[in-house]
Amino acid sequence: GIDISHSQTRPGARAIINAEMPETMEIAAAAKSGDGTVGNVGIKVDASFPCPECRQKFDSEKAKQLHWKFIHDPNRHQED
């Protein structure tokens, strides 16, 4: 475990994390984005369906439409 107690915790409090990272981790291709540059962080650069209103790209037309509906559609009701 890693002891992360420090002066900002209340007196007597101590936080300990007992977690180990797996030696290898598989990441699905659909979850990957960017190309290593700061300008493309979070952008799926190999996708074929670009959003007409921002720099996001998607693997399918349906994914692009859902993104537009929930992010850009000015007629969508927004709750405060």
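## Surface and overall build

The accessible surface of the chain comes to about 7,100 Å², and 52% of that surface belongs to carbon and sulfur atoms. The structure discussed here is a predicted model, and the values below are computed from it. Of the 80 residues of the chain, 11% count as buried. Among the contacts in the chain with a separation of 6 or more, residues 24 or more positions apart account for 2%.

The chain has one helix and four strands, and, read from the N terminus on, these elements follow the order β-β-β-β-α. Several of the residues described below, including Asn40, lie in the loop between S2 and S3, while Arg55 belongs to the loop between S3 and S4.

## A nonpolar patch

Met21, Met25 and Ile27 together make a nonpolar surface patch of about 380 Å². One of these residues, Ile27, is found in the loop that runs between strand S2, at residues 16–17, and strand S3, at residues 49–50.

## Two cysteines without a bond

How many disulfides does the structure hold? The structure holds zero disulfides, and the cysteines Cys51 and Cys54 show how this comes about. The cysteine sulfur closest to that of Cys51 is in Cys54, at 3.7 Å, and the two are not bonded because this distance is too far for a bond. A disulfide would require the pair of sulfur atoms to be within 2.5 Å.

The same pairing appears when one starts from the other residue, since the closest cysteine sulfur to that of Cys54 is in Cys51, again at 3.7 Å and too far for a bond. As for their surroundings, Cys51 is buried, with a relative accessible area of 5%, whereas Cys54 is partly exposed, with a relative accessible area of 29%.

## Salt bridges around Lys44

Side chains of opposite charge can pair when their charged atoms come close. The structure holds three salt bridges, and Lys44 takes part in the two described here. In one of them, the side chain of Lys44 meets that of Asp46, with an N to O distance of 3.5 Å. Is Lys44 buried or exposed? With a relative accessible area of 10%, Lys44 counts as buried, whereas its partner Asp46 is exposed, at a relative accessible area of 59%.

Lys44 also meets Asp59 in a salt bridge between their side chains, at 3.9 Å from N to O. This pair links distant parts of the chain, for Lys44 lies in the loop between S2 and S3, Asp59 lies in the loop between strand S4 (57–58) and helix H1 (61–71), and the two are 15 residues apart. Asp59 is partly exposed, having a relative accessible area of 46%.

## A salt bridge in the helix, and a network

Another salt bridge joins the side chains of Glu61 and Lys64, with an N to O distance of 3.4 Å. These two residues are three residues apart in helix H1, and therefore they are separated by about one helical turn. Glu61 is partly exposed, with a relative accessible area of 32%, while Lys64, at 18% relative accessibility, counts as buried. Turning back to the earlier pairs, Lys44, Asp46 and Asp59 are joined into one network by salt bridges that share partners.

## Arg55 and Asn40

Which residues does Arg55 contact, once its neighbours within four places in sequence are left aside? Arg55 is then in contact with Gly39, Asn40 and Ile43. Its side chain reaches the backbone oxygen of Gly39 at 2.7 Å, and a polar contact, likewise of 2.7 Å, joins the side chains of Arg55 and Asn40. Although Arg55 and Asn40 are 15 residues apart along the chain, their C-alpha atoms are separated by 8.9 Å.

Asn40 can also be considered from its own side of this contact. Asn40 is buried, with a relative accessible area of 15%, which is under the 20% that marks a buried residue. Not counting residues up to four places away in sequence, Asn40 touches Gly34, Asp35, Val45 and Arg55. Contact between Arg55 and Asn40 thus brings together the loop between S3 and S4, where Arg55 lies, and the loop between S2 and S3, where Asn40 has its place.

Conventions: Residues are numbered from 1 along each chain as its sequence is written. This is a predicted model: local features need pLDDT of at least 70, side-chain atom pairs count only at pLDDT 80 or more; totals for chains, interfaces and linings use all residues. Side-chain values use heavy atoms; hydrogens and water are left out. Patches are made of residues with over 30% relative accessible area and no salt bridge: like charges are joined within 9 Å, nonpolar side chains (Val, Leu, Ile, Met, Phe, Trp, Tyr) within 5 Å. Accessible areas come from the Shrake-Rupley method with a 1.4 Å probe; for residues, only the protein chains shown count as cover. A salt bridge is a side-chain nitrogen of Lys or Arg within 4 Å of a carboxyl oxygen of Asp or Glu. Buried means under 20% relative accessible area, exposed over 50%, partly exposed in between (1.4 Å probe, protein chains only). Contact means heavy atoms within 4.5 Å. A polar contact is a pair of N or O atoms within 3.5 Å; within protein, one must be able to donate a hydrogen and the other to accept it, and residues adjacent in sequence count only if both atoms are side-chain atoms.
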